[in-house]
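Student: I'd like to learn how to read a protein model one feature at a time. Could you walk me through this one?

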Amino acid sequence: MTIKQLSYFLAVVDTGRFTQAADLCRVAQPTLSKQIRSLEEDLGETLLTRGHDNVTPTAAGEALLPLARRIVADSETARMEIAELAGLRKGRLRLGATPSLCVSVVADVLEVFHGRYPGIAIQISEGGSQDLVADLQRGQLDCALVIDRTGSTPDLALTPVLREELVVVTGRGRPDLGDHIGIAELANHPLVVNRPGYELREVTLAACAAAGVTPRIAVEGGEMDAVLRMVERGLGVAIVPSLVLAGHPTLRATRLDGGAWSHRTISLAHRTDVAPTRAAQAFREDLLAVLARTSRTGHLPPGVRYVHPPALTA
């Protein structure tokens with residue numbers, strides 16, 4: 001029993017004629033008649049009484065009629081639902097991003113995305129790159145903006161989109177560090193670091209270890225907003241991405257003499273074994289368009305530049 005056979009059956013009942021039903025279904029009458037016979041053989045019952053002037057349902061046909069109407073209607077509803085998803089009129093986008101990106105790039109892109117696809121429900125997961133990568137690998141996110149330093153995640157496809165500089169920030173009550181500072185000199189100042197799970201924390205501690213110095217950690221364990229607040233209150237200094245400085249006018253930024261580690265690449269990531277959803281593909285298109293436009297107009301923050309991806313491949 002198929003949806004098509006039930007549709008043909010309903011057409012015959014509604015028109016009372018095989019010929020008219022075939023015209024309604026846009027098939028040849030022999031084809032329609034063959035499908036009806038196949039349906040009857042499958043169910044083991046005669047469904048239609050073939051009269052000289054018209055065709056009427058038998059008792060078995062009457063019993064099947066409401067079920068057939070519901071099945072065909074449900075199939076049409078399913079077809080429309082899928083068509084709406086394909087057309088991005090409905091659906092869901094599960095997006096992950098680091099806190100510095102959530103308050104800057106992500107907000108700008110989602111403004112455009114939501115304007116184009118208001119029917120797509122957006123779920124944001126904010127966290128450190130290590131946590132976001134784990135969520136992607138578990139299938140809890142469709143895509144995420146993560147920090148890409150080593151390319152050591154073969155199960156993820158990474159599209160570089162931004163290159164940003166790390167800076168040292170100081171707040172009230174702290175001496176001005178000047179234009180540049182080295183990691184060894186930084187060890188002379190109390191340090192505020194994020195909780196575990198933040199790539200920035202691991203990079204900061206690894207840089208200190210590589211320089212042979214032991215950091216003086218004053219506060220640890222917060223999210224990015226908490227780290228910035230602690231620095232603003234004068235509890236210590238912190239290494240942060242340039243993007244987070246917007247909205248914090250009291251913070252002073254000093255460039256790091258840290259070599260390659262003091263810059264990092266932000267990439268849009270998704271799993272390689274799962275095709276991106278239509279919503280994730282649309283977000284990617286809007287992300288690249290917004291970043292390209294912002295780069296052209298010179299509105300990217302200092303220390304941040306747009307990385308042109310090689311191609312818009314999935």
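Tutor: Let's start with Asp135, which is found in helix H7, residues 129-137. Keep in mind that this is a predicted model.

Student: Is Asp135 buried or exposed?

Tutor: With a relative accessibility of 16%, Asp135 counts as buried, because the cut-off for that label is under 20%. Skipping the neighbours within four places in sequence, Asp135 is in contact with Gln140 and Leu141.

Student: What about Ser129, and what does Ser129 touch beyond its sequence neighbours?

Tutor: Ser129 is found in helix H7 too. Its relative accessible area is 4%, so Ser129 is buried. Leaving out neighbours within four places in sequence, Ser129 is in contact with Thr98, Val146, Ile147, Gly197 and Glu199.

Student: Let's move to strands. How should I picture the side chains in one?

Tutor: In a regular strand, side chains alternate between the two faces of the sheet. Now try strand E3, residues 91-97. E3 is mostly covered, with 5 of its 7 residues buried.

Student: Which strands does E3 pair with?

Tutor: One is E4, which pairs with E3 in the parallel sense over 7 bridges. You can find that pairing at Arg94, whose bridge partner in E4 is Gln123. E3 also runs parallel to strand E5, residues 143-148, and 3 bridges join them. There, look for Ala97, whose bridge partner in E5 is Leu145.

Student: Can we zoom in on a residue of E4? Where is Ile122?

Tutor: Ile122 sits in strand E4, residues 120-126. At 30% relative accessibility, Ile122 counts as partly exposed. Its C-alpha atom is 7.4 Å from that of Leu95, although the two residues are 27 apart along the chain. Apart from neighbours within four places in sequence, Ile122 is in contact with Leu93, Leu110, Phe113 and His114.

Student: I've heard about nonpolar cores. What's the general idea?

Tutor: In soluble globular proteins, nonpolar side chains tend to be buried together. Here, the largest nonpolar core has 33 residues, and those with the most contacts inside it are Leu93, Leu101, Phe113, Leu145, Leu162, Phe283 and Leu287. Several elements each supply at least two residues of this core, among them E3, E5, helix H6 (105-116) and strand E6 (156-170). The largest share, 9 residues, comes from H11.

Student: What is Phe283 in contact with, leaving aside neighbours within four places in sequence?

Tutor: Phe283 is in contact with Leu93, Leu95, Val109, Leu110, Phe113, Cys143 and Leu268. There is also a second, separate core of 27 residues, which includes Leu166, Leu186, Val237 and Leu251.

Student: How do I recognise a β-α-β unit?

Tutor: Follow the chain from a strand through a helix to another strand. In this model, E8, helix H9 (residues 199-210) and E9 make such a unit, and it is right-handed. Strand E8 covers residues 190-194 and strand E9 covers residues 216-222; they pair in the parallel sense over 5 bridges. To spot one of the partners, go to Pro190 and look across to Arg216 in E9.

Student: How many disulfides are there?

Tutor: A disulfide is a covalent bond between the sulfur atoms of two cysteines. In this model the count comes to 0 disulfides.

Student: Why doesn't Cys102 form one?

Tutor: The closest cysteine sulfur to that of Cys102 is in Cys143, and because it is 12 Å away, it is too far for a bond. Cys102 counts as buried, at 15% relative accessibility, whereas Cys25 is partly exposed, with a relative accessible area of 22%.

Student: One last thing: what should I know about phi angles?

Tutor: Most residues other than glycine have a negative phi. Now look at Arg26, whose phi is near 60 degrees, a positive value in a residue other than glycine. Arg26 lies in the loop between helix H2 (18-25) and helix H3 (29-43), and it is exposed, with a relative accessible area of 79%.

Student: Which residues does UniProt list for the domain named "HTH lysR-type"?

Tutor: The unreviewed UniProt entry lists residues 1-58 for that domain. Over residues 1-58, the chain is 62% helix and 10% strand, and the end C-alpha atoms are 18 Å apart.

How values were computed. Residues are numbered from 1 along each chain as its sequence is written. This is a predicted model: local features need pLDDT of at least 70, side-chain atom pairs count only at pLDDT 80 or more; totals for chains, interfaces and linings use all residues. Side-chain values use heavy atoms; hydrogens and water are left out. UniProt positions are given in the numbering used here, feature names are shortened, and annotations may be inferred rather than shown by experiment. Helices (H or I, at least four residues) and strands (E, at least two) are DSSP runs, numbered from the N terminus. A disulfide is a pair of cysteine sulfur atoms within 2.5 Å. Buried means under 20% relative accessible area, exposed over 50%, partly exposed in between (1.4 Å probe, protein chains only). Two strands pair if DSSP finds at least two bridges between them. A crossover is right-handed if, with the strands pointing away from the viewer, the path from the first strand over the helix to the second runs clockwise. Contact means heavy atoms within 4.5 Å. A nonpolar core is a set of buried Ala, Val, Leu, Ile, Met, Phe, Trp, Tyr and Cys residues joined through side-chain atoms within 4.5 Å.
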